[in-house]
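Subject: Structure handover

Hello,

Please find the structure below, with the sequence. My notes come after it.

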Amino acid sequence: MGLFKKNPFGHYQFLKKWLIRIFGVLTHRRYRGYNELQIEGSEIIKNLPDTNVLFVSNHQTYFADVTAMFHVFNASLSGRVDSIKNVGYIWQPKLNIYYVAAKETMKAGLLTRIMAYAGAITVERTWRAKGQEVKRDVNPNDTQNIGTALDDGWVITFPQGTTKPFKPIRKGTAHIIKNHKPIVIPIVIDGFRRSFDKKGLRIKKRGILQTFQIKEPLEFDYENDSIEDIVKKLEYAIEQHPSFLKVIPSEEIQAMEDLNEQRRFGY
């Protein structure tokens, strides 16, 4: 790899590699040490093509979720199955992994701007800005950038667009699936909300079991499935369809609501 080689977004690959290495080493103990990450299904990762793969997941923190995915994906590609033991896997990371993030979040400070260089595709929220409800059209440049990232590699997205559980899935993800026809891999995570603060930068509690389940690729009829059909499949796949609330004990639902209130007032 040439020292001055760039990816499609103009980022130097050499610099991106070192950022991923540094962040990987600094964050490893968050998932294997202070807390434990229980992984299931990572053997799927190694058999995926190098490009046009879309990972869809529920969302619990701004940054800890996607950081865990960088760990799991790179560990899996280096031959580790359901394990991130020995952080040496991060030395030669997969560089064409991208993640969708709110532009407002990634421009909030120097640290987030540095993290954005490691693979963020920043998009403008169409429903919220600076803590206020808004309504605006999708920026076509945002969807074009996601398409560019899929053409170049793998993309991680959190289709609910929020860390609050059981919120509706945004239709933009369904449009991307219908237009670009990627392989769609669902991921279901848990425990991150309890172990990290809302941003996912500070460890809030130790000894928490974090779970990370990678599911088989979703099947779509790209020609005949409607946007609503795709949205519903995504909701079930990442276990965020409202019907899942019926099987969760009321005490756990109340605990989630209480935690959401604490996180809301904390920032």
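The notes below go from the overall composition to the sheet and one helix.

This is a predicted model, in which local features need pLDDT of at least 70 and side-chain atom pairs count only at pLDDT 80 or more, while totals for chains, interfaces and linings use all residues. Residues are numbered from 1 along each chain as its sequence is written, and side-chain values use heavy atoms, with hydrogens and water left out.

Overall: the protein has ten helices and nine strands (DSSP runs, H or I of at least four residues for helices and E of at least two for strands, numbered from the N terminus). Of its 267 residues, 48% are buried (under 20% relative accessible area, 1.4 Å probe, protein chains only). The exposed surface is about 13500 Å², with 52% supplied by carbon and sulfur atoms (Shrake-Rupley method, 1.4 Å probe). Among contacts (heavy atoms within 4.5 Å) with a separation of 6 or more, 72% link residues 24 or more positions apart.

Sheet: seven strands form an open sheet with mixed pairing, in the order 1-9-8-2-7-3-4; two strands pair if DSSP finds at least two bridges between them. Strand 1 (36–40) and strand 4 (120–123) are the edges, each pairing on one side only. The average turn between neighbouring strands is 25°, direction ignored (axes are lines fitted to C-alpha atoms, for helices over the stretch in contact, with angles from 0 to 180 degrees between N-to-C directions). Strands 1 and 9 (209–214) run parallel and are joined by five bridges; Ile 39 has Phe 212 in strand 9 as its bridge partner.

Helix: helix 3 (residues 64–77) lies across several strands, including strands 1, 7 and 9, and runs at about 145° to strand 7 (154–157).

Regards

Key. Buried < 20%, exposed > 50% of the residue type's maximum accessible area, 1.4 Å probe, protein only.
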